[in-house]
Amino acid sequence: MRVRLRGLLRELGDLAEEVDPFAPDDSGAQLFDHIAVVAIKAAGQARDLETEAHNTAIENGGR
């Protein structure tokens, strides 16, 4: 699961290069949609890892 998260985060980093800061606001909808989809997937993976780490810590008597 961590490998998948790293891959998604790398993809987000690569997508940063595609964002033209000087482009008009009404352009890039398809790119931004793709960025949002990747970010949602990365957030889900991170939440799953956080839950797993929390549950494991509790099982082991920690926090």
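These exercises work through the predicted model shown above.

The model is predicted: local features need pLDDT of at least 70, side-chain atom pairs count only at pLDDT 80 or more, and totals for chains, interfaces and linings use all residues. Residues are numbered from 1 along each chain as its sequence is written, and side-chain values use heavy atoms, with hydrogens and water left out.

**Exercise 1. Overall form**

Task: Find how many helices and strands the chain has, and set its radius of gyration against that of a compact globule.

Solution:
- Start with secondary structure. The chain holds two helices and zero strands. Helices (H or I, at least four residues) and strands (E, at least two) are DSSP runs, numbered from the N terminus.
- Take the radius of gyration over C-alpha atoms; the globule rule is 2.2 Å times the number of residues to the power 0.38. For 63 residues a compact globule would come out near 11 Å, but the chain has 16 Å.
- Check the box. Along the principal axes, the C-alpha atoms fill roughly 55 × 20 × 15 Å.

**Exercise 2. The span of H2**

Task: Test whether the end-to-end distance of helix H2 (residues 29–59) agrees with the expected span.

Solution:
- The expected span of a helix is 1.5 Å times one less than its number of residues.
- H2 has 31 residues, so it should span 45 Å.
- The end C-alpha atoms of H2 are 45 Å apart, which agrees.
- Look past the helix end. Gly-61 follows H2 and has a positive phi, near 85°.
- Add a distance check. Phe-32 and Asn-60 are 28 residues apart along the chain, and their C-alpha atoms are separated by 42 Å.

**Exercise 3. Burial on H2**

Task: List the buried residues of H2 and name a helix that covers them.

Solution:
- Fix the cut-offs: buried is under 20% relative accessible area, exposed is over 50%, and partly exposed lies in between (1.4 Å probe, protein chains only).
- In the whole chain, 14% of the 63 residues count as buried.
- On H2 the buried residues are Val-38, Ala-42, Gly-44, Gln-45, Leu-49 and Ala-57.
- The cover over the buried residues of H2 includes helix H1 (2–16).
- Take Gln-45 in H2. Gln-45 counts as buried because its relative accessible area is 13%.
- Contact means heavy atoms within 4.5 Å. Not counting residues up to four places away in sequence, Gln-45 touches Met-1, Arg-4, Leu-5 and Leu-8.

**Exercise 4. Where the loop meets H2**

Task: Trace the contacts of Val-19, Phe-32 and His-34, leaving aside neighbours within four places in sequence.

Solution:
- Val-19 sits in the loop between H1 and H2. At 32% relative accessibility, Val-19 is partly exposed.
- Val-19 touches Leu-31, Phe-32 and Ile-35.
- Phe-32 belongs to H2. Phe-32 is partly exposed, at 42% relative accessible area. Its contacts are Val-19 and Ser-27.
- Val-19 and Phe-32 are 13 residues apart in sequence and 8.5 Å apart in space, C-alpha to C-alpha.
- His-34 is placed in H2. His-34 is partly exposed, with a relative accessible area of 35%. Its contacts are Glu-11 and Leu-15.
- His-34 and Met-1 lie 33 residues apart in sequence and 21 Å apart in space, C-alpha to C-alpha.

**Exercise 5. Contact range and charge**

Task: Give the share of contacts made by residues 24 or more positions apart, then the distance between the mean positions of the positive and negative charges.

Solution:
- Consider contacts with a separation of 6 or more. Residues 24 or more positions apart account for 65% of them.
- Count Lys and Arg as positive and Asp and Glu as negative; His and the chain ends are not counted. Place each charge at NZ of Lys, CZ of Arg, CG of Asp or CD of Glu.
- The chain has 7 positive and 12 negative charges, with mean positions 12 Å apart.
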